Amino acid sequence: MLNDIRKNKLLYLMLAPVILFFSLFHYIPMYGAIIAFKDFSPRLGIIGSPWAGFEHFNVFFEGIYFWRTLKNTVLISLYDLVFGFPAPIILALLLNEVKKTIFKRSIQTITYMPHFVSLVVVCGMIKEFTVSGGLINDFIAFLGGERLSLLLESQFFRTIYVSSGVWQHIGWGTIIYLAALAGIDTEQYEAAKIDGAGRWKQMRHVTLPGIMPTIVILLILEMGRMLSVGTEKIILLYNPTIYDTADVISSYVYRVGLQEFNYSFSSAVGLFNSAINFTLVVGSNWLSRKLNDTSLW
């Protein structure tokens with residue numbers, strides 16, 4: 001180990017800021033997770049607070065909000081996975097077929113831009129577009145529909161959340177897939193042409209298998225974030241009238257922990273959420289390794 005460090009000291013020096021960041025902001029704070037098993041009091045501190053065992057977990061599991069927050073979290077995550085995950089892949093495949101460089105770069109630039117817009121600004125735009133006098137309602141009224149304040153109607157929240165996420169991140173997500181497409185050997189396409197394969201068959205039998213390892217790795221990482229629905233975006237968009245479809249585990253933790261100052265209970269809920277995410281990423285990695293020999297570890 002020491003010999004390797006001496007030989008590659010510049011590489012380890014470049015790695016040092018990353019190690020320091022994750023140590024300070026991810027690993028060291030894990031010590032504080034024990035307050036989930038205590039009746040935490042800021043006056044007594046983490047060590048001095050009395051043990052509560054699994055009391056806070058039991059309160060959450062038996063509470064009236066458990067099934068609602070779990071259901072909303074799972075549904076929004078599934079919708080995001082079903083519609084949001086394939087979107088960059090489809091766009092990358094379409095862009096890969098475009099031969100005019102100017103047109104291709106223009107589409108890439110236009111689709112990249114929303115990713116760099118602040119989430120607060122994006123949520124502000126969503127609110128402006130979805131009010132009864134907004135752009136979306138103007139279109140609905142043009143088609144003969146009724147004007148509604150969409151963010152006050154619980155049945156529309158998941159659609160608004162997922163579709164706006166696809167719009168914001170579809171272009172950025174294509175970067176990795178376009179890089180993977182660039183790494184496919186062009187001789188494979190030439191061989192497919194000789195065998196009589198058209199553009200569609202080349203995509204099915206050359207392009208998709210060529211980027212499949214990348215797709216699998218990103219899918220495993222996405223599975224690890226399944227229940228970590230964007231806290232900031234949910235909080236910026238939801239309101240008490242749509243809690244029945246918009247309130248997720250992370251927003252519930254925010255309300256209980258920061259607004260009601262129930263730190264131990266919110267830590268227990270957050271720890272439960274993290275445990276499920278960890279199980280999902282390990283399980284999906286194991287399944288992927290068994291099925292196609294592609295995995296993170």
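Which helices each supply at least two residues of the lining of the second largest pocket? Select α2 (9–27) and α16 (263–292), since these are the two to look at. This is a predicted model, where local features need pLDDT of at least 70 and side-chain atom pairs pLDDT 80 or more, while totals for chains, interfaces and linings use all residues. Residues are numbered from 1 along each chain as its sequence is written, and side-chain values use heavy atoms, without hydrogens and water.

Stay with this pocket, whose volume is about 730 Å³. Of its 15 lining residues, Phe25, His26, Tyr27, Met30 and Ser274 are the closest to the centre. α16 gives the most to this lining, with 7 residues.

A pocket here is an open set of points on a 1 Å grid over the protein atoms alone, where a 1.4 Å probe fits, with protein on both sides within 12 Å along at least five of seven lines; lining residues have an atom within 4 Å of a point. Volume is the space filled by probe spheres set on the points, joined across faces, edges and corners. Helices are DSSP runs (H or I, at least four residues), numbered from the N terminus.

Next, select Asp80, Gly84, His169, Glu222 and Arg225: they lie nearest the centre of the largest pocket, which holds about 880 Å³ of space. Now colour α10 (154–182), which gives the most to this lining, with 12 residues.

Finish at α5 (66–84) and α6 (86–97). Leu81, Val82, Phe83 and Gly84 in α5 meet Pro86, Ala87 and Pro88 in α6 (contact means heavy atoms within 4.5 Å).

Notes
Axes fitted to C-alpha atoms, helices over the stretch in contact; angles between N-to-C directions.
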